[in-house]
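This report is meant for a reader who is meeting this structure without any background. Please look over the sequence and the model first, and then follow the sections in order.

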Amino acid sequence: GPVHRLAMERTDLMPMAGSPFHLHLGSREDAVTKTAERPTHSDEWVDVVTNVNTPEGRLSSVYRKSTAGKPGYDMEHLLKDPGDIKKLLSVPYEPFAFSAGSFRAAEDAVGERGLTIFALDHAMYGLQRLIGSQNFALWSIDCRDLLLEAIRTFSARIVEEATRALDAGIAGVFGWVGPELCIPPLMSVRDFDEFVFQFDKPLVDLIHDRGGRVWVHCHGDMGPVLDRFVEMGVDVLNPLEPPPVSSLTLAGAFECVGDGLGLEGNIEVHELMVASPGRVRELVREAMDAGRGKRFILCPTAGYMEWPDPERGHIENLLVYIEEGCRCVREQAG
C-alpha cells in the first residue's frame, strides 16, 4: 500500500532476525508437540489446539486464530496451575544448531538503509505469555520461587543463545520484547527488579562486553521503571509512549536519562487513527523539538502493519507522519 511504499522509500529500516530457537522446548518441539485446528462459531476464526507431552504429564493450550490476518486470542493458556510449570521444565532441553544464515540475509537485504537486530527471546515474558497476566500476578505471591526457577532456567538458555551469536561474529544490535508485562500497574517495581532486572542486566553486560548494543521494546508507563532501564545499560528503549499512557513527557524522560539511554517512539498510534492531519503534524514537530540534539528516534508506538483493514483517515495520517517526520529531520540537519 501507499504507506509501505513511502516508508520503504523515506525511512530507516530495522528488520529483526535470529537463529532457530525455541525457549521452552528447544529442538524437541516437534517431537513433543501436536497441533490441530478445530472450527469455531465463525468462519473468521479457528481454534488451534496444542498438546505438549512432557515426562510429568500433558499440557494443552487453545489459541483462537483469525482467518483474515487479525490479532488472535489465547483462549486457554498452556500453564493453568503452578504444577504445570514443573511439567514444562521436565522436558529435556536441547538447543537448535546455531545458524546465522537468516540474520546475515536480513543484513544483506537492508544494506545501508538501516540496522538489523539480532532477536532474542525474553526470560520473564517467555514464562508470562504461557500463564496470562492474572495468574502470573497471583502466582507471584503464591509460588514466587517457582516462577523464579523457571525464569532463571529460561534466562540461562537465552544467555547461551546470545553467546553463540557473539561467538559467530554477530556484534551489532541485540533486541527483545516483553518487559512491559512486568511493570506497574500489572506488576510492582519490586517484581520488575526480581523477574526482569536481575536476569536482563547480566545479559546486557555480556553483549556490551563483546561490543554489541541493546534495543528493548516496552510499552506502558515508563515513569516507575525508566531508571531501571538506565541502570540495566539498555542503549535504546522503544516506544516511549506519551501522556496519558505514560506519566512522562518526552522532555521529562530525557531529563531523567540524560545521555545514558536512547529513546525511540512517542507518536501514539491512537492519535494516528483518530486525529486530524494538522494534529499529527503538531505531534511530530513537538516530538522532534523535544528530541533535538539528543539520542532520539521518531517512530509510532505500534507498527502500521498491525491493522489489516485500516480506515482511510489512518492511512492518510500515516503518510502525513512520514512526510512531516522527514521534513523535520531535514530541517534539523540544516
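## The antiparallel sheet

In this model, which is predicted, asparagine 51 stands opposite serine 60, a residue of strand 4. The two strands concerned are strand 3 (residues 45–54) and strand 4 (residues 57–66), which run antiparallel and are joined by 10 bridges.

Strands 3 and 4 belong to an open sheet of four strands, whose order is 2-3-4-5 and whose pairing is antiparallel. At its edges lie strand 2 (33–39) and strand 5 (73–76), each of which pairs on one side only. On average, and with direction ignored, neighbouring strands of this sheet are turned by 25° against each other.

## The parallel sheet

A further open sheet has seven strands, arranged in the order 1-6-7-8-9-10-11 with parallel pairing. Its edge strands are strand 1 (16–17) and strand 11 (296–300), and each of these pairs on one side only. Strands of a sheet, whether parallel or antiparallel, pair through backbone hydrogen bonds.

Within the seven-stranded sheet, strand 6 (residues 117–119) pairs with strand 7 (residues 173–177) in the parallel sense, over three bridges. One residue pair can be named here, since alanine 119 has glycine 175 in strand 7 as its bridge partner. Elsewhere, helix 10 (residues 250–257) lies across strand 10 (262–267) and strand 11, and the helix runs at about 170° to strand 10.

## The nonpolar core

The largest nonpolar core is made up of 90 residues, and those with the most contacts inside it are Leu79, Ile85, Leu127 and Phe229. Helix 7 (residues 144–167) provides the largest share of this core, namely 10 residues.

Which residues does isoleucine 85 touch, when residues up to four places away in sequence are not counted? The contacts of isoleucine 85 are Leu79, Leu127, Ile131, Trp139, Leu146, Leu147 and Ala150.

## Cavities

Rolling a probe the size of a water molecule over the atoms shows where empty space is left. A search of the whole structure finds two cavities of 30 Å³ or more, and the largest cavity has a volume of about 60 Å³.

The largest cavity is lined by Asp121, His122, Ala123, Ser155, Ile158, Val159, Trp176, Phe199, Asp200 and Leu203. Helix 7 and helix 8 (189–209) are the elements that give two or more residues to this lining. Helix 7 therefore appears twice in this account, as it also gives the largest share of the nonpolar core.

Conventions. Residues numbered from 1 in each chain as written. Predicted model: local features only at pLDDT ≥ 70, side-chain atom pairs only at ≥ 80, totals over all residues. Heavy atoms only, no water. Core = buried A, V, L, I, M, F, W, Y, C linked by side-chain atoms within 4.5 Å. Buried < 20%, exposed > 50% of the residue type's maximum accessible area, 1.4 Å probe, protein only. Contact = heavy atoms within 4.5 Å. Pairing = 2+ DSSP bridges. Axes fitted to C-alpha atoms, helices over the stretch in contact; angles between N-to-C directions. 1 Å grid on protein atoms, 1.4 Å probe; cavity = no way out; pocket = protein on both sides within 12 Å on 5 of 7 lines; lining within 4 Å. Points joined across faces, edges and corners; volume = space filled by probe spheres on them.
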